[in-house]
Amino acid sequence: MTDTTEVPPRNATHVDAATGPAEADRASRPGPDATIDAAGRAAVDRPVVPLRHPLRWIAAAIVLVLLLNFVETLFTNEQWGWPAVGKWLFSPAVLTGLQLTLVATALSAVISFAGGIVVAIARLSRNPVLSGLAWGYVWLFRSVPLILVLVFLYNLGSLYPTIGIGIPFGPQLEVPTANVLGDLAIGVIGLSLSEIAYASEIVRAGVLAVDHGQHEAAQALGLPRRRQFVRVILPQALRSIVPAFVNQVVGLLKASSLLFYVSLLDLFGVVQNLSSTYPTDIIPLLVVATIWYLVLTSAVSVVQYYVERWTARGSVRALPPTPFQRLRAAVRRAPGRLPGGADRHAEAALAERAVTAGTSTTNDRAI
């Protein structure tokens with residue numbers, strides 16, 4: 001007959017001599033499910049407190065006070081002459097000068113961009129003659145002030161009464177300089193010659209910013225060098241070229257005011273003439289010119305935004321939303337959101353879901 005000894009069940013209060021007090025302490029601890037549940041409830045009930053930035057708010061308040069003081073002076077100081085500003089803002093003389101400014105700026109921008117590409121290609125060429133001539137052109141017109149270029153071209157007829165082309169020291173096809181170069185042509189040529197030097201450096205920087213692997217890939221496909229540049233290199237370089245070149249266009253728009261010194265009545269020239277005729281309206285006329293330059297620069301900035309968005313199609317997964325799309329999304333957004341942009345109910349649901357997922361994972365590990 002075999003003796004059987006009943007082994008007592010092990011529980012939290014029983015301490016075995018082999019395991020010692022460590023096993024009893026482990027058994028007395030709360031389970032992982034209870035810990036995760038408590039942490040989840042605490043995360044849901046805890047209020048979301050945004051990070052404090054007192055210095056930022058103080059600086060914003062100071063700037064806002066200064067801005068409001070300046071705005072107050074615009075309405076309380078009668079020397080601004082706002083009735084006269086309204087009278088001159090859409091006057092025929094000002095609109096005629098504005099039209100001339102737009103034409104000169106647009107023509108100069110197109111010519112300078114095309115010429116900048118040509119000079120940049122010549123600068124990057126392996127031909128030492130082309131590279132040297134391109135470098136000399138950039139060096140010359142970056143060194144000479146724009147006003148000096150315009151005045152020099154305006155007096156070009158005194159230096160060369162006729163201009164032409166032909167065989168050196170041989171027969172020439174010549175025409176009078178005054179018949180070829182009018183005032184608008186002199187202004188556009190002067191602006192373009194100066195801007196081509198800066199545009200070429202912008203284009204060259206954009207081309208150099210393209211990864212060298214793109215050049216090697218285009219060569220591996222057997223594309224001609226012209227097609228490599230037009231179809232592979234230039235489209236990628238536009239992402240770097242557009243912001244800098246649009247900045248040059250804005251500078252060109254303001255530099256067109258120098259056309260007044262070559263007898264072209266652009267926007268600034270019209271304002272100058274009207275100021276001498278109506279000395280009491282000097283400040284209102286200057287305000288009119290400022291308003292129109294702000295409008296033109298803002299229009300160029302809007303065009304720049306959409307051009308940059310278009311050139312970024314191959315570099316980002318999703319295009320950034322336009323301001324109108326952001327406004328429409330803000331209007332359609334549901335109410336009840338926290339200052340940080342998170343919805344309290346959605347945040348609580350996500351926390352509970354995370355707690356449930358953590359509990360399931362712990363149970364799976366225990367099994």
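How many nonpolar, polar and charged residues does the lining of the second largest pocket have? I shall answer that shortly. Please keep in mind that we are looking at a predicted model.

The answer is 14 nonpolar, two polar and no charged residues. This second largest pocket has a volume of about 350 Å³, and 16 residues line it. Nearest its centre lie Ala109, Phe245, Val246, Val249 and Val303. Three helices, α5, α12 and α14, each contribute at least two residues to that lining.

Let me turn to the largest pocket. Its space comes to about 580 Å³, and its lining is made up of 17 residues. Those nearest the centre are Leu124, Val207, His215, Arg225 and Phe229. By class, the lining of the largest pocket holds eight nonpolar, five polar and four charged residues. At least two lining residues come from each of α5 (92-124), α10 (183-209), α11 (212-220) and α12 (225-255). Of these, α12 gives the largest share, with six residues.

I now come to the packing of α12 against α14 (282-311). The axes of these two helices approach within 10 Å and cross at roughly 170°. Angles over 145 degrees count as roughly antiparallel, and α12 and α14 therefore run roughly antiparallel to each other. On the α12 side, the contact is formed by Leu238, Arg239, Val242, Pro243, Val246, Val249, Val250 and Leu253. Facing them, α14 contributes Tyr293, Leu296, Thr297, Val300, Gln304, Val307, Glu308 and Thr311. The contact residues of the two helices comprise 11 nonpolar, three polar and two charged. Val246 and Val249 belong to this contact, and they are also among the residues nearest the centre of the second largest pocket.

Finally, I turn to charge pairing. Side chains of opposite charge can pair when their charged atoms come close. The structure contains three salt bridges, one of which joins the side chains of Lys87 and Asp281 at 3.7 Å, N to O. Lys87 sits in helix α4 (residues 82-89), whereas Asp281 belongs to the loop between α13 (267-277) and α14, so this pair ties together parts that are 194 residues apart in sequence.

Thank you for your attention.

Definitions and conventions:
Residues numbered from 1 in each chain as written. Predicted model: local features only at pLDDT ≥ 70, side-chain atom pairs only at ≥ 80, totals over all residues. Heavy atoms only, no water. 1 Å grid on protein atoms, 1.4 Å probe; cavity = no way out; pocket = protein on both sides within 12 Å on 5 of 7 lines; lining within 4 Å. Points joined across faces, edges and corners; volume = space filled by probe spheres on them. Helix = DSSP H or I, 4+ residues; strand = E, 2+ residues; numbered from the N terminus. Nonpolar A, V, L, I, M, F, W, Y, C, P; charged D, E, K, R; others polar. Axes fitted to C-alpha atoms, helices over the stretch in contact; angles between N-to-C directions. Parallel < 35°, antiparallel > 145°, perpendicular 65-115°, else oblique. Contact = heavy atoms within 4.5 Å. Salt bridge = Lys/Arg side-chain N within 4 Å of Asp/Glu carboxyl O.
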